[in-house]
Amino acid sequence: MKKHLISVPERISSLKNIIDQKNSARIMEAHSGISAMIVESAKTTNNRIDFEFDGIWESSLTDSATKGMPDASIIGTESRLHTINEIAHVTSKPLIVDGDTGGSIPQFEFLISNLERLGVSSVIIEDKIFPKRNSLDSSASQELENPEIFANKIKSGIDKKSNPDFLIVARIESLIAGTGLKDAINRAEHYIDAGIDGIMIHSNEKKPKDLIDFAKKYNSICNKFGKRPILVSVPTTYNNYTEKSLIDLGFNIIIHANHLLRASHQAMKETAQIILNDGKSERVDKHITPVKEIFQFVGHDKITEQDRENSVKLRTPIIIPSAGKDPIFTKTPKSLIRINNKPIIEHQIELIKSAGFKNIVLVNGYKSEDFSILSKNANLKMQIHTDYKNTHILHSLMAAKPQMDNGFILLFSDILFDSKILKKLINIKSDIVLGIDNSFTYNNQKIDKKLDLVVRKKSFQEGFRSLNNETLPEITKIGKNIDPKISDYEFIGIAYFSNKGAEILKNIFLELNNNLNSKNNFQEAKSFEMASITDMIQEIIDRGYLVNGIEIRQGWREIHSPNDIQTVEKEIKSLDQA
Ligand code: SPV
Ligand code: MG
């Protein structure tokens, strides 16, 4: 599940913003990280409009019950803050916290500063005496606080809050304690006068006549003070009232205060019972969430994905074939051409390291002694390809055959690239993946070389869907002699071979190497000895193996001519200045 990032001040203001915008908010209870994530991810559609809950209620009843305790001021502030923190960490919607009585003034002040620190949008405190009893228990004795004393607590809270958008709501318990509507109105006046941001009028009746009367009178109560604090309802017992009917009565916040805890209690009880009865758990499978879905929901998949990525990075070498003499840069091996006074290979090593890879194999041949300047590089292994004069790049690559057991990444010696490309390649679950770019199809720049062009498989469905990130193109043709008009991409000189992909490559290479008939006209090359890597990839495709491409849009440069050096140096300079 996606977790959105939101700053603490933004989150505090988010409830007020919602009410300012639409005058009402629908709030759902949560008592743990996972239940809060369920609230946050719940969605429905009505008349093509999407609906979600506007925020989360952190309830004293359900937080206490989750800890196996009654809701009677037993679970302390520290423990409640622990739950709130857990919820705040995995969600981003507004949080409203049930502050019980708020305790003494210093305790209330401590609570407020902690709630603001955690990004909570609102606290509701009830005008009962500590230790309070849950309001839905009509057998409990409900003792009310003196309204003046409670109003003083409100004033201290308001002085204490540092963010003006943090809403302090006073919860009137007159209809719970049986002191009636008149007492409720009197208390409302005290609390509004004290500067409260909202009033919650509570009732545990199924037909809450006094509560409805209070709501109807609320505007006229407020008129005297020239302001209308928001009005809050918790319709647990009068739940035949729709949110809309309560909003029509003037309520701004509707809180469904305990339903997820009650739902999970029922489901847990039934599940435990069935397993106890059956002596096995098979029968509950259809009633419970599959482990895989829980993994996905709490982000376990991301962790295993990360682990896989790290271990692939540790064991996958990057092989850079750089043995031949370049037809343009004839004086020095291509890898040692300097860009901003540093050999390309050193730029490549830096990029590879920054992507988290540890092993680099450089195959050299022509002027191999010149590579001694790199001997201090701990991550770099040199592989000599002695027969570089009579062979081409495929044979240089295959000189590193012993390093291919865990798969490898092929990197051409003349490519500078965005290090994210390497990460992208290894995250594809395919055995042979080529980095491919389609910018040549719309780049009008004059191209002074023959590109390694790529054609992808076109399928019947393609007319109906556009190609997006999730669809991996399957490569059917690759080479320099393909007509650009029918080509879809250019191969960027970076490819991934899994251990299975490397096995396919090694076997075909071995077979061709031992087969005298293959020596002539191998794919686009004059002979197998002079084969390029794209010739070999075409051979792999022709033999029926799957070769995929991953679209890379820009983020790489090939150093083909002295002109390219100037361009890249300019680009690096402008990046450094930016
Ligand atoms: C809670 O959810 O803890 C409340 C609402 O305070 S009630 O249970 O109705 O008192
Ligand atoms: Mg409560």
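In this predicted model, a polar atom of the Asn548 side chain lies 3.2 Å from the backbone oxygen of Pro473, and the side chain of Asn548 also makes a polar contact of 2.6 Å with the side chain of Ser430. Asn548 belongs to strand S22, which covers residues 548-551. With a relative accessibility of 6%, Asn548 falls under the 20% limit and therefore counts as buried.

The magnesium ion, ligand 2, takes its protein donors from Ser60, through OG, and from Asp98, through OD, at distances of 2.0 to 2.1 Å. Because Ser60 is part of helix H3 (residues 60-66) whereas Asp98 is part of strand S5 (residues 95-98), this pair ties together parts of the protein that are 38 residues apart in sequence. Both donors are withdrawn from the surface by the accessibility criterion: Ser60 is buried at 2% relative accessibility, and Asp98 is buried with a relative accessible area of 5%.

Ser60 and Asp98 also recur in the surroundings of ligand 1, where they are found together with Trp57, Ser59, Leu61, Asp71, Asn134, Ser135, Leu136, Arg171, His202 and Ala257. Among these residues, Asp98 places a side-chain N or O atom 2.8 Å from an oxygen atom of ligand 1, while a polar side-chain atom of Asn134 lies 3.0 Å from an oxygen atom of the ligand and one of Trp57 lies 3.2 Å from an oxygen atom of the ligand. Of the 280 Å² of accessible area that ligand 1 has on its own, the protein covers 99%.

Helix H4 comprises 14 residues, 77-90, and reaches 20 Å from its first C-alpha to its last, close to the 20 Å expected at 1.5 Å a residue. Its buried residues are Arg80, Leu81, Thr83, Ile84, Ile87, Ala88 and Val90. In general, an α-helix has 3.6 residues a turn, so residues three or four places apart point the same way.

At the level of the whole protein, the model contains 19 helices and 23 strands. The radius of gyration is 35 Å, well over the 25 Å that the globule rule gives for 578 residues, so the protein is more spread out than a compact globule. Along its principal axes, the C-alpha trace spans about 105 × 65 × 45 Å, and buried residues make up 51% of the 578 residues.

Note on methods:
Residues numbered from 1 in each chain as written. Chains lettered and ligands numbered in written order. Predicted model: local features only at pLDDT ≥ 70, side-chain atom pairs only at ≥ 80, totals over all residues. Heavy atoms only, no water. Helix = DSSP H or I, 4+ residues; strand = E, 2+ residues; numbered from the N terminus. Expected span 1.5 Å × (residues − 1). Buried < 20%, exposed > 50% of the residue type's maximum accessible area, 1.4 Å probe, protein only. Donors = N, O, S within 2.8 Å, 3.2 Å for Na, K, Ca; no water. Near = heavy atom within 4 Å. Polar contact = N/O pair within 3.5 Å; in protein donor to acceptor, adjacent residues only side chain to side chain. Areas by Shrake-Rupley, 256 points an atom, 1.4 Å probe, with all protein chains shown as cover. Rg over C-alpha atoms; globule rule 2.2 N^0.38 Å.
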